[in-house]
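Got your viewer open and your mouse ready? Let's take a walk through this protein, one selection at a time.

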Amino acid sequence: MTASPSPREGTLSTEASPAPIAGATTALLVVLFGSFMDLLDATIVTVAAPAIARDLGAGDAQIQWTIAAYALALGAGLITGGRLGDQYGRKRLFLVGLAGFMATSALCALAADPGTLIGMRAGQGLTAGIMVPQVFGIIRASFAPGERAKAFGAYGAVQGLASVAGPLLGGVLVDADLFGLGWRTIFWVNVPVSILALVIGAKALPESRSALTARLDLPGALLAATGILLLLLPLIQTEVWGWTWGSYALLAAGIVVLAIFLAYERRLTGRGAEPVFDPALLRIRAFTVGLSASALFFGGLGPYFLTLSVYLQNGTGRTAWETGLVILPYALGSIITSGLGVALATKAGRKLLVAGSLTIAASQLVLWSVVKDGDDPGYWPLALTLFIGGLGLGLAAPILVSVVLAGVPGRNAGAAGGVLSTVNQIGGAAGIAVLGTVFFTSVTGSAVGGAPAPPDYGHALGIVLIVSAALYLITALVMLALPQAAAEHTG
C-alpha cells in the first residue's frame, strides 16, 4: 500500500493558463482513471502474491521482484516523464503512457513464467511513470484557477479509494477465479478500463506543453536507473545467491555508477543544461533531510504489506479475500486522518509527520505482540492494530512532500518534487529488497524438515515488525530536522 507519487510537473510551466475546456469534468475523470489504476496496481499484487507464487512456481526472490520491479521502473519513469510531457504535450504523453500501461497489463496477465511477469511489471511501472506526471498539467489546462482546488481534491479522494480498493479487489478477483484465470484477472481488469479511457481521452483531454523546453537528459536517467538496479539486485537475490564476491562487486558497481551519475549531472549543470537531477539540491539541508526521511518512510510500507499478506495466507490459512478484509482497516484509518493532516499541514506539518511515524511504529510493536507466538490471533486483534497503523499513515504520507518542499526555494520546487517522488518509489523497492529478504530467509531458516509450518511465518513477520518499528522510530528522529510546516504554494 505504497502511496502514489505526486505527479511531477518537471520544469515549471510558463505558458499562459488556457481557458477551461467545455468537457473539463470528463477530462478529469479520464486522468483520475489513470491515477487510480497506477495506485491500484501498486497495492493489488501484494494480496495476489501467494497465488502467483503457487501458479508460476515463483521463488521468494521472484515474488519480491514482481513488486519491486514496478516501483523501481515507476521511479525511473518519473525522472523523465514530466519533462517529456513539457516538451511533447501532456495529453499526448498521458495517452501514450496509458496505452503502454494497458499493453503491459495484458502481457502480465499472459505471463507463463516468473521472469516474464517481472519484466512486464517493470514495463507497467515505466509506462505509469510516463502517464502519472501529466495529471497535474492536464488538470491545470482543464480548469479555471478557482476550480482547480476541487479537482485536486478529487485526485486525493481517488488515491484514498484506490488504497481501499486494492486489497479488496485483489482478494475478490483471486478467489473468484473468473473463467479459470485466477490471479491473472488483476491485470486483465486494466484492459477494458484503459480502452474506455483512451477513447474518451482522445476527444476530451486538452493539449498543453511548457513554453520553456530543455533537451532531455536521457543519459542521466539511464545512469540513475542502472546504479539503483545494481544496488538492489544483490539485496533481493541474497536468499538465492548468498553473499558472494559477485554480490559485493554488484554493490560496488552500483556505487560507482551513481557517483558517475552525480558527476555527469554536475557537468551538465555547469554547461547551463537542465539535468534530471541538479546536484546543487543536495546543498539544501531541508531537501537532503527530506530525501532521507522520505526514503525511510516509504521504505517500510512496501515490505510491510507484502510480508503481512504472505503471513495471513500461508501462516494463518486465510484466502486472498479474507486477507483483503484484514488489511482494509489500515486503508480506512489512513482515509480518516489524511484530511486532518492536509488541513493542518501549513500549521503543524512537522509535528504531524513525527506523530504519524511514531503511531506506525507503535502499531507494528502491538502487531508483533499479537503474531509472535505463531498462532492465528483472529480477525479483530489484527484489524485493530492495522487500523492504528493506518491512522499514522494518513497523518504523514499525504503531506510529507509538501513539508520537505517548504525548505526548498520556489524556483527549485518542481525539480525537487520530481526527485522526491522518485525517491519514494526507490525507497519502497529497497525496503522490499531488504525486509522482504529478512522475512523469507527467516521463514526458510526456521522451518524444520523441509516445508515451512504456519508458525514459521508468524515468527518471520515478528522479526520484520521489530526491524520496521525501529525504522519508523529513526524516521521520526530524522523528521525533527524538517521545516516546521508545509509550504502553502506547493501542490
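Start by selecting helix 2 and helix 4, which pass each other in a right-handed crossing. Helix 2 covers residues 60–88 and helix 4 covers residues 114–131; their axes come within 7 Å and cross at roughly 25°. An angle under 35 degrees counts as roughly parallel, so helix 2 and helix 4 are roughly parallel to each other. Keep in mind as you look around that this is a predicted model.

Now show the side chains where these two helices meet. On helix 2, pick out residues including Trp65, Tyr70, Leu74 and Leu78. On helix 4, their partners across the contact include Leu117, Ile118, Arg121 and Leu126. If you colour the contact of helix 2 with helix 4 by class, you get 14 nonpolar, 7 polar and 1 charged residue.

Next, keep helix 2 on screen and add helix 1, residues 24–56. The axes of helix 1 and helix 2 are 9 Å apart, at an angle of about 165°. Are they roughly parallel or roughly antiparallel? Helix 1 is roughly antiparallel to helix 2, because the angle is over 145 degrees. Helix 1 also passes helix 2 in a right-handed crossing. Select Asp38, Asp41, Ala42, Val45, Thr46, Ala49, Ile52 and Ala53 on helix 1, then Ile63, Thr66, Ile67, Tyr70 and Leu74 on helix 2, and you have the contact. By class, this contact of helix 1 with helix 2 has 9 nonpolar, 2 polar and 2 charged residues.

Hide helix 2 and bring in helix 8, residues 190–204. The axes of helix 1 and helix 8 come within 9 Å and cross at roughly 150°. That makes helix 1 roughly antiparallel to helix 8. Which hand does the crossing of helix 1 and helix 8 have? It is left-handed. Helix 1 brings Thr26, Ala27, Val30, Phe33, Met37 and Asp41 to the meeting, and among the helix 8 residues there are Asn190, Val193, Ala197 and Ile200. The residues of the contact of helix 1 with helix 8 divide into 8 nonpolar, 4 polar and 1 charged.

Move on to helix 9, residues 218–236. Helix 9 has 19 residues and reaches 27 Å from its first C-alpha to its last, close to the 27 Å expected at 1.5 Å a residue. Colour its buried residues: Gly220, Ala221, Ala224, Gly227, Ile228, Leu230, Leu232, Pro234 and Ile236.

Jump along the chain to helix 14, residues 320–371, and find Ser363 there. Is Ser363 buried or exposed? Ser363 counts as buried, because its relative accessibility is 2%. Leaving out residues up to four places away in sequence, Ser363 touches Thr385, Ile388 and Gly389.

Then click on Gly392 in helix 15, residues 379–396. Gly392 is buried too, with a relative accessible area of 0%. Draw a distance from its C-alpha to that of Thr359: these residues are 33 apart along the chain, yet their C-alpha atoms are separated by 4.9 Å. Beyond neighbours within four places in sequence, Gly392 is in contact with Gly356, Thr359 and Ile360.

Last stop: zoom out and show everything. The protein has 18 helices and 0 strands. Of its 491 residues, 57% are buried. Among contacts in the protein with a separation of 6 or more, 84% link residues 24 or more positions apart.

Notes
Residues numbered from 1 in each chain as written. Predicted model: local features only at pLDDT ≥ 70, side-chain atom pairs only at ≥ 80, totals over all residues. Heavy atoms only, no water. Helix = DSSP H or I, 4+ residues; strand = E, 2+ residues; numbered from the N terminus. Expected span 1.5 Å × (residues − 1). Buried < 20%, exposed > 50% of the residue type's maximum accessible area, 1.4 Å probe, protein only. Axes fitted to C-alpha atoms, helices over the stretch in contact; angles between N-to-C directions. Parallel < 35°, antiparallel > 145°, perpendicular 65-115°, else oblique. Left-handed = near helix turned anticlockwise from the far one by under 90°. Contact = heavy atoms within 4.5 Å. Nonpolar A, V, L, I, M, F, W, Y, C, P; charged D, E, K, R; others polar.
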